[in-house]
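Got the model open in your viewer? Let's walk through it one selection at a time.

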Amino acid sequence: MLEQIFQFLVTGITVGSIYALVGLGFALIYNASDVVNFAQGEFVMLGAMTAIALLGAGLPLALAAIVATLLTALVGLLLERCAIEPARGASVVTTIIITIGAAIFLRGVASLLWGKNSLPLPAFSGNEPINLGGATLLPQSLWVLGGTVLLVGLTRAFLNRTLLGKALLACSFNPSAAQLVGINVKVMLRLAYGLSAGLGAIAGILAAPITFSSYEAGIMLGLKGFSAAIVGGIGNPMGAVAGGLLLGVLEALGAGLISSGYKDAIAFVFVLMVLFFEPTGLFGHKIAERV
């Protein structure tokens, strides 16, 4: 029984790492612009599908992953420039509808480009399972875990230790004051969207060898990433990471100990409970009131 629980925990942490990266993208954009970007899941899908297409065109896997990430980041920049910036000052509902429309558009383009079948991406280092304390672990899961730790660490260092990251945080706290001291708020917003799209793309590329990918793969991943951001506190990047890990573990334990049919229901019921008892999220108290 203990070995089974350990297996569920390992699986949950792997899945939760993907949710954490998607949730981190949500938090970055919300911090910079107060916009909840419901196209974030489509960035995950675009990263994976573009990498698969480039690999099929003959590029090495590493180069295909890098180019796919850059192209997806470019899509994020274009989304901000062409859809979000013209609607600046609009109501929250309007911006949400714009991002939902962008998500539908990106799914449509993906279905035209790559069809509706699920497509595989080769594992980065083979498929031979690894036995870890009674739990079976795919080598790709280690790539997911290592990639998540690296990206979260780099994001945290970027926000807290670089002038560009601090400028981005300044725009999130008070855009008018940031502009008065010489920070280009428009550039910072585009940077946030580009970073968010890039993080989503990497999450999709890391997950694709395990879960495969299709034009609609971003729908549920986007919802789970948004749930992770809500659980952690929507404006708290590190809270979103913690929320993603917690959500993944609860989902895996629920699927293993209760029923796999209730997997998604358990995750969303947990989100509702968090919102009921802690409306600002588990780690959102310091940012509940924005200036």
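Start by selecting K224, which is buried, with just 2% relative accessible area. This is a predicted model, so read every stop on the tour that way. Show side chains around K224 and you'll find E251, its salt-bridge partner, with the closest N and O atoms 2.6 Å apart. K224 sits in helix α9 (residues 217-232) and E251 in helix α10, so the pair ties together parts that are 27 residues apart in sequence. What about E251, buried or exposed? Its relative accessible area is 4%, so E251 is buried as well.

**Next: more salt bridges**

How many salt bridges does the structure hold? Five. For another one, select R190 and E80, where the closest N and O atoms are 3.2 Å apart. This pair links distant parts of the chain: R190 is in helix α8 (residues 185-211) and E80 is in helix α3, 110 residues apart. E80 is buried at 1% relative accessible area, while R190 is partly exposed at 25%.

Now add E85 and K186 to the selection. They form a salt bridge too, and here the closest N and O atoms are 3.8 Å apart. Again the pair links distant parts of the chain, with E85 in the loop between α3 and α4 and K186 in helix α8, 101 residues apart. E85 counts as buried at 15% relative accessibility, whereas K186, at 41%, counts as partly exposed. Keep these four side chains on screen together: E80, E85, K186 and R190 are linked in a network of salt bridges.

**Still on α3: a nonpolar patch**

Stay with helix α3, residues 61-84, and pick L74, which lies in it. L74 is partly exposed, with a relative accessible area of 42%. Switch on the surface and colour L71, L74, L77 and L78: these leucines make a nonpolar surface patch of about 330 Å².

**Over to the aromatics**

Hide the charged residues and show the rings. There are five aromatic pairs in the structure. One of them is F26 with F38, an edge-to-face pair at 6.4 Å centre to centre, with 70° between the planes. F26 lies in helix α1 (residues 2-33) and F38 in the loop between α1 and α2 (40-56), so the pair ties together parts that are twelve residues apart in sequence. The two rings differ in cover: F26 counts as buried at 2% relative accessibility, but F38 is partly exposed at 25%.

Then select F124 and W143. Their ring centres are 5.2 Å apart and their planes are at 75°, so this pair is edge-to-face. F124 is in the loop between α4 (92-114) and β1 (130-132), and W143 is in helix α5 (residues 139-161), so the contact ties together parts that are 19 residues apart in sequence. F124 counts as partly exposed at 25% relative accessibility, and W143 counts as partly exposed at 41%.

Before moving on, go back to F26 and F38 and add F226. Together, F26, F38 and F226 form one aromatic cluster.

**Along α1**

With F26 still in view, trace the helix that carries it. At 1.5 Å a residue, the 32 residues of α1 should span 46 Å, and the end C-alpha atoms are 45 Å apart, which agrees. Following α1 is D34, whose phi is positive, near 65°.

**A loop stop at G261**

Jump to G261, in the loop between α10 (237-257) and α11 (263-277). G261 is exposed, with a relative accessible area of 66%. If you want a distance to draw, try G261 to R107: their C-alpha atoms are separated by 26 Å, and the two residues are 154 apart along the chain.

**Last stop: the two sides of α11**

Carry on into α11. This helix has 15 residues and reaches 22 Å from its first C-alpha to its last, close to the 21 Å expected at 1.5 Å a residue. Which residues of α11 are buried? Select A267, F270, V271 and V274. These cover an arc of only 100° around the axis, which puts them on the same side of α11. The spacing follows a general rule: an α-helix has 3.6 residues a turn, so residues three or four places apart point the same way. Finally, spin the view to the other side of α11, where L272, F276 and F277 are exposed.

Note on methods: Residues are numbered from 1 along each chain as its sequence is written. This is a predicted model: local features need pLDDT of at least 70, side-chain atom pairs count only at pLDDT 80 or more; totals for chains, interfaces and linings use all residues. Side-chain values use heavy atoms; hydrogens and water are left out. Patches are made of residues with over 30% relative accessible area and no salt bridge: like charges are joined within 9 Å, nonpolar side chains (Val, Leu, Ile, Met, Phe, Trp, Tyr) within 5 Å. Accessible areas come from the Shrake-Rupley method with a 1.4 Å probe; for residues, only the protein chains shown count as cover. Helices (H or I, at least four residues) and strands (E, at least two) are DSSP runs, numbered from the N terminus. Buried means under 20% relative accessible area, exposed over 50%, partly exposed in between (1.4 Å probe, protein chains only). Rings of Phe, Tyr and Trp (its six-membered ring) pair if their centres lie within 6.5 Å; planes under 30 degrees apart count as stacked, over 60 as edge-to-face and the rest as tilted. The expected span of a helix is 1.5 Å times one less than its number of residues. The arc is that of the directions from the helix axis to the C-beta atoms.
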